[in-house]
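Me: Please take a close look at one part of this model, the buried interior, and describe it in one connected account.

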Amino acid sequence: MNPYILAILLLGLGLGTTITFASSHWLLAWMGLEINTLAILPLMAQHHHPRAVEAATKYFLTQATAAATLLFASTTNAWLTGQWDIYQMTHPLPTTVIIVALALKVGLAPLHSWLPEVLQGLDLTTGLILSTWQKLAPFALLLQIQAPSPAILTFLGLSSTLIGGWGGLNQTQLRKILAYSSIAHLGWMTLVLQFAPSLTLLTLLTYFIMTFSTFLIFKLKKATNINSLSISWSKAPIITTLTPLVLLSLGGLPPLSGFVPKWLILQELTKQDLPTLATLAAFSALLSLYFYLRLTYAMTLTISPNNLIGSTPWRFFSPQLSLPLSTATIATLSLLPATPAMIALLTL
């Protein structure tokens, strides 16, 4: 892609998210979400592959549906209450519809079906943007809305953690596994959203850092399925040694970085007299941990039975910059001791 066009699209992504962050009016927030969607569509379809075009079309239809629902609900709220302000959502009907529209935008279950299919059709760089940056604007709006009933966010969060865990069990494609991982992590954030927004921000930040390093590692290895991980030791032995720690951190295995947000969320749910919900969420974490262990096993304890035909891929120089990968990997593995400082900053 032409670097000038790429710069314009990336600036459009930043502009859309910034407009949504800074807006207190529903029309401005909707405008920011639309700019965000229109900016990422050319990035999705830039390779002109049928799967990429299909993924871009599915994403466009899904986001257009969610944006139209959000605009309809905010207009209904203005008609019922006379308020366009995001903080003045007092009527339960438009508030519920807006929460459902934002859940569709980020891919919360049971509105998640588009996310694995779309992510599977993208390259890893665009998939990274979709899994991280595109979640910021809808979550900024969710943080500003007071749900009319705690059952709405609880249902969305619990169903996302369970479906995100179950859905990833039988997958062999890494991008689909990361999509279900995203659904499960978003469920954890939604569970605690109404009780402790600072914990949601902490989980979101931790998830972004871990996902960033995971996508960069898979991009370095040019890995798209589990079988390709079994020959990764010969391409980059050092990063292959660190990759299981990153994957298990995503799964929330103690004492790695991903364990702390989940532990704090379970603690908060218990404080809110929701022990059953905390127990179900903890069991759903075991489902997610299983397919991360499966990836770790494929990388460290198996050797591919297939003979490589053609040139050996590990002899080619990778054009990927090593600084972002090393920075993200070090940050992922060192977040655990920095968690108290992060919590203190988020609760200021």
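Reply: What follows goes from the enclosed space to two residues of the interior and then to the record.

This is a predicted model, in which local features need pLDDT of at least 70 and side-chain atom pairs count only at pLDDT 80 or more, while totals for chains, interfaces and linings use all residues. Residues are numbered from 1 along each chain as its sequence is written, and side-chain values use heavy atoms, with hydrogens and water left out.

The structure holds 4 cavities of 30 Å³ or more, a cavity being a set of points on a 1 Å grid over the protein atoms alone where a 1.4 Å probe fits but cannot get out. The largest cavity has about 60 Å³ of space, where a volume is the space filled by probe spheres set on the points, and grid points are joined across faces, edges and corners. Its lining, made of residues with an atom within 4 Å of a point, consists of Leu-33, Asn-36, Thr-37, Tyr-59, Gln-63, Lys-105, Gln-134 and Pro-138. Helix H2 (26-44) and helix H3 (50-81) are the elements that give two or more residues to this lining, helices being DSSP runs of H or I with at least four residues, numbered from the N terminus. H2 provides the largest share, 3 residues. By type, the lining divides into 3 nonpolar, 4 polar and 1 charged, with Tyr and Pro counted among the nonpolar residues and Lys among the charged.

Lys-135 is found in the loop between helix H6 (124-131) and helix H7 (136-144). This lysine is buried (under 20% relative accessible area), with a value of 2%. Leaving aside neighbours within four places in sequence, Lys-135 is in contact with Val-106, Leu-115, Leu-130, Ser-182, Leu-186 and Phe-208, contact meaning heavy atoms within 4.5 Å. Lys-135 and Leu-204 are 69 residues apart in sequence, yet their C-alpha atoms are 9.1 Å apart in space.

Ser-160, in helix H8 (residues 150-167), is also buried, with a relative accessible area of 0%. A polar atom of the Ser-160 side chain lies 2.9 Å from the backbone nitrogen of Ala-109. With neighbours within four places again set aside, Ser-160 is in contact with Leu-108, Ala-109, Ile-183, Ala-184 and Gly-187.

The unreviewed UniProt entry annotates "transmembrane region" over several stretches, including 177-195 and 201-218; such annotations may be inferred rather than shown by experiment. Residues 177-195 are 79% helix and 0% strand, with end C-alpha atoms 29 Å apart, whereas residues 201-218 are 100% helix and 0% strand, with end C-alpha atoms 26 Å apart.

Technical notes
On a 1 Å grid over the protein atoms alone, a cavity is a set of points where a 1.4 Å probe fits but cannot get out, and a pocket is an open set with protein on both sides within 12 Å along at least five of seven lines; lining residues have an atom within 4 Å of a point. Buried means under 20% relative accessible area, exposed over 50%, partly exposed in between (1.4 Å probe, protein chains only). A polar contact is a pair of N or O atoms within 3.5 Å; within protein, one must be able to donate a hydrogen and the other to accept it, and residues adjacent in sequence count only if both atoms are side-chain atoms.
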